[in-house]
Structure formats: structure tokens, C-alpha cells
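Biologist: I would like to learn how to read a model like this one, feature by feature. Could you take me through it?

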Amino acid sequence: MPGTSANTDNAAPRVRSLIGGRAAEQDGQAYLSRNPANLEEIVAAAELGGPETLHEACATAAAAKDRWAATPGPVRSQAIKAIGRIVERNKEDLARLITREIGKPYGESLGEVQEVIDTCDFFVSEGRRLYGHTVPSEMPDKQLFTFRKPVGAALIITAGNFPVAVPSWYLVPALLCGNTVVWKPAEYTPAIADAFARIFLHAGLPEGVFNLALVDGAATAAGLEWALRDNLVDKVGFTGSSEVGATIGESCGRHLQSPCLELGGKNPLVVMDDADLDLAVEGSLFSGFGTSGQRCTSLGSAIVHHAIYDQFLERFTAAVEGAAIGDPTADVLYGPMLNERFGDAFLKSLDLIQAHHQVSGSSDVGRISSATPRRGFVGDPDRGVFMHPTIVSGVRGEDDIANRETFGPVVCVAKFEDFDEAIDLANRHGYGLSSAIYTNNPASAFHFRERVSAGMVSVNNSTSGAEAHLPFGGNGKSGNGSRQSGVWVLDQFTRWQSLNWDFAGHLQKAQMDTAEVGADTEFTL
Ligand code: UN1
């Protein structure tokens, strides 16, 4: 098993980048990954490399790309099938590791691993399709065709909130389409990354086709520039913040590349006056507070019709007050923040709460501790990075908190008078990832779908809940229009090539030698 020394009773596993199937040689910067529900527990000791580590990984992927591209699609599928089966066999262990390293409640961790299996299942058969077209020519004795060609070496940079599902959305189709990959996971999930990478390395991929680069953000930025300059990267996939996405887009753009960017969101959930309120409350609770509000599809603002606003707020507050929060190995709505750095950023975002807002949802705002306790907390809050759930009501469209991603357990609630105002509140922040509407009126659902800027719309369901075969992606500040999952992601990891084949035996010139039908277009009735 490359990459990991034995995990003895007291020693956390030591993990390193895996390049060409071997642990990287260079000494790096030590990083201790801690369980965010119990900061004393060290999950892994990682050696984070510098820009040269990323560059070397990209050079290795680039050197392996011709051979992998020449491997037939159905043969590449066998490796994807193996990844799915190995993940399935290790489902509980992987889910337990996710819960330990980022504090995701175990039930959700199992769901996340299942998403990887679903993604593999979908793409296994795609290796036998990767269909092109046969297209009629303007001329006789000539046939046109289209083919999908792999792009080359892909660098996949992912966040830690979905540490295996979201990476699989890129890695699996990229490999299936015949690209080689370098995966740069979030540096605060090295144990999960090491485990997931070792699964790929046992799936029968030739050497150099899959590489893991454990490096931080600064080394990634420098290493990416360097690798692009040396023509070692043909495609970048990135899931993370809109700010970092913009800098990656800038670097790629200078090298005439269009990356796949999946960025932040301020996802709206509109509640119409004809909605089933209990359903809307249940959906808001899971959308807003699942994964501690740290999904890119988390609910930003509930936008509620004035006639039911007070009733909704009262029921939503009661639901949040009654929710179980704490130990992620127990049955809780949410556990800790992913990592201390997310706790710090979230606390800063609470400064956006203004004097005209009302705050409810918990006995306190900010960190949960023995000094600022939460009734019914599951476990010992002082051991980890736990935050109170917060509902901020009385939010207006112009408020900063209505327009910035907060990435934590806080939900804004705003009131609307008419549908136009609801749409304005849903779109004005400029993000456009996911959205939801609760209504029993089909006309409202369809009008919302037409007018909301989001790439994803739910009717009577949560703002989150992607499925492996439906396009995932956003507009505006949420991305650059790329889509993941299903057949749509194939356009990220392949390029269309057209072929025209003339068997007339003499040169036929398009447009010039094309026959005409001789219509009489002067004809009138
Ligand atoms: C993300 O937060 O980057 O549907 C992706 C969902 C999740 C994926 C979120 N399965 O919200």
C-alpha cells in the first residue's frame, strides 16, 4: 500500500503526495490533521509539498497521457468499475474516516460515499458509449463524423466539504474519457485523500495516470502557473470559493484554457403562501444546517410570502431549537465545522448581522462551549469547533448578509410582497448555483424555474441533493457555466473532433460544388 505507514495505537498515519504510484520524496511542510469534533485527536500527519511537487505530479500525468488516451474506452471502464467496487467494499471505513476528519454526521458520510459509487456506476457504461455522430454531407460520396477526444492531463482541485463525492465527479469522468489526472485535495483532509487515492491506485490504472498532490493553496497557485507555462496541464477542474475560482480562471485564460469552475452560492428557497409549511420547514432545516451549512448548495436565504412569514418563522425557529447538534457519530442534524479555519471565518461572517435584524434559532450566537452552551447538545462542545445555529430574520435585499456566502450554520429569512420581489431577492446577489421553491401551484413552480438565475432548481425539496446523472453547476458568481455529472460533464473532459471523408475520387469543394434543388421561390398562391 503506497503512501501510508502502519497506523499504530498512538501514531497517526503519515501521508504524502503520491506521484506515479510512489510516495513523493521531497520533504515538505508538516500538517497535522485533527478531528474537528475532538481537536486532541490527530487523524493524520501530512507532508505538504511545494510548487515543485505539483509540477512533478503534472509532468508525470502529462507523460502518461498518450498511452491512456490510446486505451479503448471499454477497457478504461474496467478501472472505473474496479474503483466503484473497491469503494463499495470500503464504504463504512471511508465514511467513518470522513466523519473523523471533517466531522460530517455519519449518515451523511455514508451518503457521500454512495455518491461516489453511483458516479462510477454511471460512467462504467459510458466507456462503451462515448458516442460520436455520423452526419450527412452536402455532397455525394462524402461522409461526415464526430469523435470525442480526451483533453490530456487534468488537474483537479477540490474542497474538503465533500472530500470524496465532489472529487469523484471530476476524477471518474476525466479518467473514463482517457485523460490522466493530478488530484489536489483540500490540504486539511489528507487522511481521506490518501485513502481515496490508494483506492484509485489499486484499480488497475497504468503508472502515472492518477497522481495525488498534497500541497496548500499558495503552492497550488505557483505550481499551476509553472505547469501551465510548461504545457503540462490541459484542463483544470476546481470546486471552491468564487475568489479563488476567479484567480484560477485568470491563470488558465492566459494559456487559452477554459477550466471547469464550480464556486460558491447564496442559494434561495422561496416559500409561497400556498406551500405545505411543515414540508418547507423540514426542507429549510436540512438545506440550511445540514453539513453545518458548509455545502456550496446550502440555503442562504428563505424568502417567504408576507401572509405566512410569521408562521413560517415561528415553526422554523422551533425546529432549529429542537434539533440535535453535536457528536457527528451520533444521530445529529449537524456536527462541528470542517476545520478550525472554517470556524474562524464563520465567526467573522456573523459581523454581517445588523441592528435591524432579529436573531433566533438558539440560545446564543457563535461558538457552542460550556460557557455559551446549547440545550440538548450531544457530547462535549469544548472538545471541538461547534457553532450555534442562527436564524437572521428581517433581512432586506440590500443587506450585506443577503448577498454574501456565509458558509456555516446561519440562514437569512426575508419577506416578500409579490412574486417579482421574491425573484429579485433570489437573484440580486449575483450567484446562481441552486435554488428551491415550496408551492402547490404548478404555475409558480414554472415561473420560478424560468426566472431564477440558478443552474439547479428544486420544487418542494431542499437546495441540496445532487444526483450522479443530473447536471450540476451554476451561473454568475457560482461558476463559468461548466456542468458536472451525467453526460454533460463529458464536454469538460473531451473535445469534439470532426472528420470528413471523401470517396468521390475527385476534389469536391464545400459550398461551391454543392448541388441545388432548383426551387421557384418567386411562386405566390
Ligand atoms: C458542494 O458543496 O460542493 O447536492 C457540492 C449537494 C451535494 C453536493 C454539494 N451532494 O448539495
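**Reading exposure, pockets and strands**

Modeller: Let us begin with one residue: P74 is partly exposed, because its relative accessible area is 30%. Here buried means under 20% relative accessible area, exposed over 50%, and partly exposed in between, with a 1.4 Å probe and protein chains only. This is a predicted model, in which local features need pLDDT of at least 70 and side-chain atom pairs count only at pLDDT 80 or more, while totals for chains, interfaces and linings use all residues. Residues are numbered from 1 along each chain as its sequence is written, and side-chain values use heavy atoms, with hydrogens and water left out.

Biologist: Where is P74 placed?

Modeller: P74 belongs to helix 2 (residues 73–89). Helices (H or I, at least four residues) and strands (E, at least two) are DSSP runs, numbered from the N terminus. The C-alpha atoms of P74 and C177 are separated by 10 Å, though the two residues are 103 apart along the chain.

Biologist: Now to backbone angles. Which value does phi of L130 take, and is L130 buried or exposed?

Modeller: Phi of L130 is near 40 degrees, which is positive in a residue other than glycine. L130 sits in the loop between helix 4 and strand 6, and it counts as buried because its relative accessibility is 18%. Q511 also deserves a look: its phi is near 70 degrees, again a positive value in a residue other than glycine. Q511 lies in the segment after strand 20 and counts as exposed, because its relative accessibility is 63%.

Biologist: How does one find empty space in a model?

Modeller: Rolling a probe the size of a water molecule over the atoms shows where empty space is left. The work is done on a 1 Å grid over the protein atoms alone: a cavity is a set of points where a 1.4 Å probe fits but cannot get out, and a pocket is an open set with protein on both sides within 12 Å along at least five of seven lines. Lining residues have an atom within 4 Å of a point. Grid points are joined across faces, edges and corners, and a volume is the space filled by probe spheres set on the points.

Biologist: What volume does the largest pocket have, then?

Modeller: The largest pocket has a volume of about 970 Å³. It is lined by 40 residues, and F238, G240, S241, V244 and F342 are the closest to its centre. Helix 7 (217–229), strand 11 (235–239), helix 8 (242–254) and helix 11 (340–349) are the elements that give two or more residues to this lining. By class, the lining has 19 nonpolar, 13 polar and eight charged residues. For these classes, Ala, Val, Leu, Ile, Met, Phe, Trp, Tyr, Cys and Pro count as nonpolar, Asp, Glu, Lys and Arg as charged, and the others, Gly among them, as polar.

Biologist: Why does the largest pocket lie between two domains?

Modeller: Domain 1 (29–263 + 479–497) and domain 2 (267–466) both give residues to its lining, so the largest pocket lies between them. The domain bounds come from an automatic or database domain assignment.

Biologist: And what lines the second largest pocket?

Modeller: That pocket, with a volume of about 790 Å³, is lined by 33 residues, and T463, S464, G465, A466 and E467 lie nearest its centre. Helix 4 gives the most to the lining, with four residues. The classes are twelve nonpolar, 13 polar and eight charged residues. The second largest pocket also lies between domain 1 and domain 2, because both give residues to its lining.

Biologist: How many cavities are found in the whole structure?

Modeller: The search finds five cavities of 30 Å³ or more. The largest holds about 90 Å³ of space; among its 15 lining residues, S298, L299, E405, T406 and F407 are the closest to the centre. The lining of the largest cavity has four nonpolar, eight polar and three charged residues.

Biologist: Last, the sheet. In what order do strands 6, 7 and 20 come?

Modeller: The three strands form an open sheet in the order 6-7-20, with antiparallel pairing. Two strands pair if DSSP finds at least two bridges between them. Strand 6 (134–136) and strand 20 (494–502) are the edge strands, each pairing on one side only. Three bridges join strand 6 to strand 7 (residues 142–150), and V135 has L144 in strand 7 as its bridge partner.
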